[in-house]
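Me: I would like to go through this model by question and answer, with the reasoning laid out before each result.

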Amino acid sequence: MVSIDLRETSGVVLAYLGDSVWELYVREYFILKGYNIRNLNKHVVNSVNAKTQSRILKNIIENVDEKYKQLINRSKNGNIKTFPRSCSVTEYREATGFEAYIGALYIDGNIDKIKEIIKENLDGEDK
């Protein structure tokens with residue numbers, strides 16, 4: 001993977017990367033389930049929004065390594081000025097922390113961990 005120092009990289013920048021990484025692997029997850037395009041889009045949209053990401057972060061935070069917890073907290077408290085109406089400010093900040101975590105896992109080459117988070121938290125969402 002790319003050599004980026006996670007301690008020196010902006011949490012919001014990591015979240016920007018993590019957002020696209022999360023969507024890519026969520027898309028792959030649902031494609032492998034064999035859905036048609038209409039159902040794919042529905043499941044992906046439901047899985048890549050701030051409310052879902054906030055919920056997932058709450059589910060996994062106890063098992064996150066300390067170095068990543070610090071990154072998540074730094075990212076949640078990052079300089080975010082605008083928020084969507086589809087979620088609360090708290091949910092959006094948590095989702096930003098989650099996306100930064102996903103971006104950090106990607107940079108560290110922990111793709112299996114990303115896929116494990118998807119499987120453990122989105123299995124059952126595909127009904």
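Reply: What follows is a set of questions and answers on a predicted model.

Me: How many helices and how many strands does the chain have?

Reply: From the N terminus on, the elements run α-α-α-α-α-α. Counted by type, the chain therefore comes to six helices and zero strands.

Me: What share of the residues of the chain counts as buried?

Reply: A residue counts as buried when its relative accessible area is under 20%. Applied to the 127 residues of the chain, this cut-off gives a buried share of 43%.

Me: Among contacts between residues at least 6 apart in sequence, what share joins residues at least 24 apart?

Reply: A contact here requires heavy atoms within 4.5 Å. Among the contacts in the chain that join residues at least 6 apart in sequence, the share that joins residues at least 24 apart is 72%.

Me: Why do the buried residues of H4 line one face of the helix, and which helices do they pack against?

Reply: In helix H4, which covers residues 66–76, the buried residues are Tyr 68, Leu 71, Ile 72 and Ser 75. Seen down the axis of H4, these buried residues fall within an arc of 100°, so they line one face of the helix. In general, an α-helix has 3.6 residues a turn, so residues three or four places apart point the same way. The partners against which the buried residues of H4 pack are helix H1 (11–31), helix H3 (50–60) and helix H5 (89–107).

Me: How do the residues that line the second largest pocket divide into nonpolar, polar and charged?

Reply: The second largest pocket holds about 170 Å³ of space. Its lining consists of Asp 5, Leu 6, Arg 7, Lys 67, Tyr 68, Gln 70, Leu 71 and Arg 74, and Tyr 68 and Leu 71 are also among the buried residues of helix H4. Sorted by type, the lining residues divide into three nonpolar, one polar and four charged.

Me: Which residue meets Arg 27 in a salt bridge?

Reply: A search of the whole structure finds six salt bridges, and one of them involves Arg 27, with 2.7 Å from N to O. Arg 27 is partly exposed, at a relative accessible area of 44%, and its partner, four residues apart from it in helix H1, lies about one turn of the helix away. That partner, itself partly exposed with a relative accessible area of 24%, is Glu 23.

Me: How many residues apart in sequence are the parts that Lys 58 and Glu 94 tie together?

Reply: The side chains of Lys 58 and Glu 94 meet in a salt bridge, at 3.6 Å from N to O. Lys 58 lies in helix H3 and Glu 94 in helix H5, so the pair ties together parts of the chain that are distant by a stated number of residues in sequence. Lys 58 is exposed, with a relative accessible area of 52%, whereas Glu 94 is buried, with 13%. The separation in sequence is 36 residues.

Me: Is Thr 52 buried or exposed, and which residues is it in contact with beyond its neighbours within four places in sequence?

Reply: Thr 52 is found in helix H3. Its relative accessible area is 9%, so Thr 52 is buried. Once neighbours within four places in sequence are left aside, the residues in contact with Thr 52 are Asn 46, Ser 47 and Leu 122.

Terms used. Residues are numbered from 1 along each chain as its sequence is written. This is a predicted model: local features need pLDDT of at least 70, side-chain atom pairs count only at pLDDT 80 or more; totals for chains, interfaces and linings use all residues. Side-chain values use heavy atoms; hydrogens and water are left out. Buried means under 20% relative accessible area, exposed over 50%, partly exposed in between (1.4 Å probe, protein chains only). Helices (H or I, at least four residues) and strands (E, at least two) are DSSP runs, numbered from the N terminus. The arc is that of the directions from the helix axis to the C-beta atoms. On a 1 Å grid over the protein atoms alone, a cavity is a set of points where a 1.4 Å probe fits but cannot get out, and a pocket is an open set with protein on both sides within 12 Å along at least five of seven lines; lining residues have an atom within 4 Å of a point. Grid points are joined across faces, edges and corners, and a volume is the space filled by probe spheres set on the points. Ala, Val, Leu, Ile, Met, Phe, Trp, Tyr, Cys and Pro count as nonpolar, Asp, Glu, Lys and Arg as charged, and the others, Gly among them, as polar. A salt bridge is a side-chain nitrogen of Lys or Arg within 4 Å of a carboxyl oxygen of Asp or Glu.
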